[in-house]
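Reader: Please take a close look at one part of this model for me. I would like to know how its helices pack, and what lines the pocket beside them.

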Amino acid sequence: MRCGRDCDGEVSSLTMADAAGMPEPETPESVPPRLDVYVWDMDETLVLLNSLLKSSYAEAFNGLKDAQKGVEMGRMWENLILQICDDYFFYEQIENYNKPFLDALAQYDDGRDLSDYDFNQDELGSPHDDANKKKLAYRHRVIAQKYLQGLQNILDQETIKHWDELYDKTDEYTDRWLSSAQTFLKECSGEDEDAVSSIASSNTSYNSTNVKHVNVLVTSGSLIPSLVKCLLFRLDSLISHGNVYSSWEVGKIQCFRWIKERFNRPNVRFCVFGDGWEECEAAEIMRWPFVKIDPRPGKLHRFPGLTLTTVSHYFSVVYGRPNNEDEDC
């Protein structure tokens, strides 16, 4: 079986051998609540940044976009991301100690009260021994707490004003890519606007059809800047810190395997969204549908443009139609 869309963007279908190996349909009473796991790439999928810096986003519009304006906005984002990483998320101290997820060293955290802990004096070194792994685990715990707080409760008013203005200008320049991606994540989560803030403190949510949904991020960037980007691009209420994975050293296929192991249960479905070959190849190995995001104007698999109806088709190619065809994905 191939992924729902191959790396060149062609929709693929189940082979007869795959179909023959499918289990007999279960009765509605025996089927547990479905779990849909949406696995997202970040850059050039939920967020446009590299394409702004390299002018490739503007060039696709054949002169209709001011490329230099995009480059300048991209540089401002880079500066803001690094500033917040260094000032609030220990990045200068732990840049060289990247981990694939925040709980990677949780076993070394003894739960100590950190309210009076001096992170500048604990002499954190390379985490090869238990003492340094504990120090890094402490920082990861504080980072998780700050993620839950949100930048509105951490940054000063001047920085918040700069951030809000930059977000709005970038969203306008990209024809509402950022806000449309955020809205689509809300739709995938099955949450209305008032209830969406509750997702940050839990891994999954229920919608009215009693189907569970969860958004997971797998990014090729290092972990701390990726978490800060989630905060800055206003994705933190839709992707919890525990659902952010960095494939920087381990690769996307390893992250996908962790995700499958973590969420594996009867009646679970996975779908991958991204723009690159690595996530497409990993999705194909995992036998998960893959939706290739294409930022070029006029394409359907972009923001705004991508719909739950389209995603439902990708799900059905790999998993077949759900028992209730009226459900959203």
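Author: Angles of 65 to 115 degrees between axes count as roughly perpendicular. Keep that range in mind for this predicted model. Start with helix H7 (residues 157-173) and helix H8 (residues 177-189). Their axes lie 6 Å apart, at an angle of about 95°. H7 and H8 are therefore roughly perpendicular to each other. Which residues of H7 and H8 meet? From H7 come Tyr 167, Thr 170 and Asp 171. H8 answers with Trp 177, Leu 178 and Ser 179. By class, this contact of H7 with H8 has 3 nonpolar, 2 polar and 1 charged residues.

Now turn to H4 and H9. Their axes come within 10 Å and cross at roughly 115°. That makes H4 roughly perpendicular to H9. The crossing of H4 and H9 is right-handed. On the H4 side, the contact uses Trp 77, Leu 80, Ile 81, Ile 84 and Cys 85. On the H9 side, it uses Ile 224, Pro 225, Val 228, Lys 229 and Leu 232. The contact of H4 with H9 divides into 9 nonpolar, no polar and 1 charged residues.

H4 (67-88) and H9 (223-232) also help line the second largest pocket. Each supplies at least two residues of the lining, as does helix H2 (50-53). The pocket holds about 350 Å³ of space. Its lining has 15 residues. Nearest the centre of the pocket lie Ile 81, Gly 221, Ser 222, Pro 225 and Lys 229. Ile 81, Pro 225 and Lys 229 also take part in the contact of H4 with H9. By class, the pocket lining has 7 nonpolar, 4 polar and 4 charged residues.

Terms used
Residues numbered from 1 in each chain as written. Predicted model: local features only at pLDDT ≥ 70, side-chain atom pairs only at ≥ 80, totals over all residues. Heavy atoms only, no water. 1 Å grid on protein atoms, 1.4 Å probe; cavity = no way out; pocket = protein on both sides within 12 Å on 5 of 7 lines; lining within 4 Å. Points joined across faces, edges and corners; volume = space filled by probe spheres on them. Helix = DSSP H or I, 4+ residues; strand = E, 2+ residues; numbered from the N terminus. Nonpolar A, V, L, I, M, F, W, Y, C, P; charged D, E, K, R; others polar. Axes fitted to C-alpha atoms, helices over the stretch in contact; angles between N-to-C directions. Parallel < 35°, antiparallel > 145°, perpendicular 65-115°, else oblique. Left-handed = near helix turned anticlockwise from the far one by under 90°. Contact = heavy atoms within 4.5 Å.
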